[in-house]
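I opened the notebook to look up an annotated site, the strands around it and the packing behind them. The entries follow in the order in which I checked them.

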Amino acid sequence: TRTPVTVTVTGAAGQIGYALLFRIASGQLLGADVPVKLRLLEIPQGLKAAEGTAMELDDCAFPLLQGIDISDDPNVAFDGANVALLVGARPRTKGMERGDLLEANGGIFKPQGKAINDHAADDIKVLVVGNPANTNALIAQAAAPDVPAERFTAMTRLDHNRALSQLSKKTGAPVSEIKKLTIWGNHSATQYPDVFHAEVAGKNAAEVVNDEQWLADTFIPTVAKRGAAIIEARGASSAASAANAAIDHVHTWVNGTAAGDWTSAGVVSDGSYGVPQGLISSFPVTAKDGKFEIVQGLDINEFSRTRIDASVKELEDEREAVRGLGLI
Ligand code: NAX
């Protein structure tokens, strides 16, 4: 039998946490043969609800689940962690300026980054889900100088999956036949879902669609504003689909991408495609042997260039703001 993998989930009592924990414990995150230990991190007000979720996890009698610990102390929750899913964050409330939002989240992600630095296992992999995800990931990464920077990632897989679904509806091809879609930039309304290198049943997706107007006026805004549309319809933000994307992100990171395909993830830029080094920006990535790699050498047309640059500019502004606040 394999040694258990320790998975720490922050914001465990929240709605994404509730949709995520049962799937991790059932083996969907790492594989049906990998035992897991769960560590739940919550703020003091969330501890009781986290205990309730832990009771339900017990009641599932998952064969792979080898223990659940709950804490409000990051130093305890990240101790020995192999995978950390940073879901808990400070949401934007009415009248809150962007600077206030970044500062409030800095107060969460800086100490969590430090705790990961000091206590996590050597092979720690971090996925930041809590918004603003890219910049929160940057803050945590900057607070963890002893951890290789590429172990800190931000989630754009939900955007990727939303784009797959929209393109499938438009073309009539099943999602299984759509490859090489890319989300570029920030997980925000400026993100750019790119179909120019994508394939639909082996053909170039942009040629299959053959409708730049639809791309600009329907596809891109539908994907970028899907989160708001879910809130409008459901009265609450995306939870099960966000948890599903977090599962996909880590599963791909650990188990690799299929030959002839790639996915999207917020990873530390190496300067590729004109994205300033060190920013955590979404790129087309492959995964192999537990490492993401940015797909190199794609031609970026004018349509894409403008949109990638605009989203990257927003990330640069966020980086400037958190620098100004002394958070990185
Ligand atoms: P909830 O408000 O339901 O849950 C958040 C939980 O985090 C709460 O239980 C809260 O007590 C806890 N928490 C707050 N500060 C904490 C801290 N310092 N340490 C540990 N726990 C803490 O939010 P939920 O709907 O679960 O969403 C969580 C985050 O995911 C939000 O920031 C949200 O914006 C973000 N999302 C990111 C997405 C992405 O694609 N990257 C999509 C879905 C989602 O909107």
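Entry 1, the annotated site. UniProt positions are in the numbering used here, and annotations may be inferred rather than shown by experiment. I kept that in mind, since the model itself is predicted. The UniProt record, an unreviewed entry, places the feature "active site" at H187. I found H187 in the loop between β8 (182-184) and β9 (192-194).

I then asked: is H187 buried, partly exposed or exposed? Its relative accessibility is 21%, so H187 counts as partly exposed; the cut-off for buried is under 20%.

I listed the contacts of H187, leaving aside neighbours within four places in sequence. The list holds N131, N134, M155, T156 and D159.

Entry 2, the ligand. I counted 22 residues around the ligand, and Q15, I16, E42, V129 and N131 come nearest. N131 is thus on this list and also among the contacts of H187.

I looked up three polar distances. An N or O atom in the side chain of N131 is 2.8 Å from an oxygen atom of the ligand. For I16, a backbone N or O atom lies 2.9 Å from a ligand oxygen. For H187, a polar side-chain atom lies 3.2 Å from an oxygen atom of the ligand.

Entry 3, the annotated domain. UniProt, again in an unreviewed entry, lists residues 156-320 as "domain: Lactate/malate dehydrogenase C-terminal". Over residues 156-320 I noted 47% helix and 19% strand. The C-alpha atoms at the two ends of this stretch are 22 Å apart.

Entry 4, an open sheet. I traced three strands in the order β7-β10-β11, with antiparallel pairing. The edge strands are β7 (178-179) and β11 (203-204), each of which pairs on one side only. Strand β10 (residues 199-200) is joined to β11 by two bridges. I checked one of the partners: E199 is bridged to N204 in β11.

Entry 5, strands β12 to β14. I found β12 and β13 running antiparallel, with six bridges between them. Here V267 stands opposite S281 in β13. On to β14: it pairs with β13 over four bridges, in the antiparallel sense, and A287 stands opposite F292 in β14.

The hairpin of β13 and β14 has two residues between the strands, and D289 takes a positive phi near 50 degrees there. I also asked how many residues of β13 are buried. Seven of the nine are, so β13 is largely enclosed by the rest of the structure.

Entry 6, the nonpolar cores. The largest nonpolar core has 39 residues, of which L167, L181, V195, F219 and F283 touch the most other members. I noted the elements that each supply at least two residues; among them are α6 (157-171), β8, α7 (205-209), β13 (280-288) and α11 (302-324). The largest share, five residues, comes from α8.

I followed F219 outward, not counting residues up to four places away in sequence. F219 touches A163, Q166, L167, P193, V195 and W214. L167 and V195 recur here, as they are also among the core residues that touch the most other members.

A second, separate core has 34 residues, including V7, L127, L158 and A245.

How values were computed:
Residues numbered from 1 in each chain as written. Predicted model: local features only at pLDDT ≥ 70, side-chain atom pairs only at ≥ 80, totals over all residues. Heavy atoms only, no water. Buried < 20%, exposed > 50% of the residue type's maximum accessible area, 1.4 Å probe, protein only. Contact = heavy atoms within 4.5 Å. Pairing = 2+ DSSP bridges. Core = buried A, V, L, I, M, F, W, Y, C linked by side-chain atoms within 4.5 Å. Near = heavy atom within 4 Å. Polar contact = N/O pair within 3.5 Å; in protein donor to acceptor, adjacent residues only side chain to side chain.
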